Protein chains: 2
Amino acid sequence: MNEVKNAIQDDYGDDYAWCYGCGRNNESGLHLRTGWKGDKTLTIYTPREEHKAIPGFIYGGLIASVIDCHGTGSAALALHRKLGHEPGDGVEAPRFVTASLHVDFMKPTPEGIPLRAIGEVVEIHPKKWKVVTEVFAGDVCCAKGEVIAAVMPDTFMKK
Amino acid sequence: MNEVKNAIQDDYGDDYAWCYGCGRNNESGLHLRTGWKGDKTLTIYTPREEHKAIPGFIYGGLIASVIDCHGTGSAALALHRKLGHEPGDGVEAPRFVTASLHVDFMKPTPEGIPLRAIGEVVEIHPKKWKVVTEVFAGDVCCAKGEVIAAVMPDTFMKK
């Protein structure tokens, strides 16, 4: 049932693994995990009961969060591979930040089932990658997203 | 200290007040509240300690959530006013859904201080409104957003 066996977030450095969306060290967070699925990227997440918009449907902010962290994770996967590495090989993965996020909400997203975010990654600059994502609930594409992700600047960390 | 005295979310019908971002009935949620500030709209939210990206900074999904619910709330404020009503006058407010969401992350958003989302609302169709939002941490604009919000279809409610 763990379809994403090796996730890029498992290989973020400890100092970079606190994100509410995808940080393994954030106890309250969503623990989103993103891995390769062929030449596409995959994140699977089942929203919590409270993540509703109105009864029966998921709120937009959760879907935006999934697309956001799936985007930075997918960009990290792609750069890591370009540098000769795969998640799980013991090498610390690069960390990206989101420059921009766009979400088109196609259909109401039903609650109670796993959401599958499937992404395609394109390098648009050595430090900037575009990730186009579709979010499926079952067979239905409920949202489409685009993230521009940039390599996290060294100056980003608080000293 | 309650700068948004009358919020549109206080006047959503009980069945429509469950959103994780802005529903007053969602015990686990963020309880975002949006009101008029002159001819602009205002939502103030102080992220929780766990809403970090890396230590010191807020994760993008939270900012996207604020812009999203601020967008639907601002559109509801504007349509409500067009129909002759203001939040707090005892009339149930219209409810919008998000058709699209765009966020440009301008600067890292520091944790530990209230975020102020300030919006401008434009009617682009009687049932579709555009909300352009800037999110400030103190004097610094950390993110800019655009939401296209549509009146929630009657068919959206689960019977």
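Copies here are superposed by least squares on the C-alpha atoms of residues with pLDDT of at least 70 in both. The model is a predicted one, so local features need pLDDT of at least 70 and side-chain atom pairs count only at pLDDT 80 or more, while totals for chains, interfaces and linings use all residues. Residues are numbered from 1 along each chain as its sequence is written, chains are lettered from A in the order in which they are written, and side-chain values use heavy atoms, with hydrogens and water left out.

Laying chain A on chain B takes a turn of 180° and a shift of 0.0 Å along the axis, and the RMSD comes out at 0.0 Å. The two copies are therefore related as by a two-fold rotation axis. Both use the same surface: 100% of the contact residues of chain A (contact being heavy atoms within 4.5 Å) recur in chain B. In chain A, the residue that comes closest to the axis is A:His102, at 2.2 Å by its C-alpha.

Next come the helix and the cysteines. Helix 1 of chain B covers residues 60-82, helices being DSSP runs of H or I with at least four residues, numbered from the N terminus. Of its 23 residues, 21 are buried, that is, under 20% relative accessible area with a 1.4 Å probe and protein chains only. Just past this helix, B:Gly84 takes a positive phi of about 95°.

As for disulfides (cysteine sulfur pairs within 2.5 Å), the structure holds zero over all chains. The sulfur of B:Cys69 has its closest cysteine sulfur in B:Cys19, but no bond forms because 3.8 Å is too far. B:Cys69 counts as buried, at 5% relative accessibility.

Key: Buried < 20%, exposed > 50% of the residue type's maximum accessible area, 1.4 Å probe, protein only. Helix = DSSP H or I, 4+ residues; strand = E, 2+ residues; numbered from the N terminus. Expected span 1.5 Å × (residues − 1).
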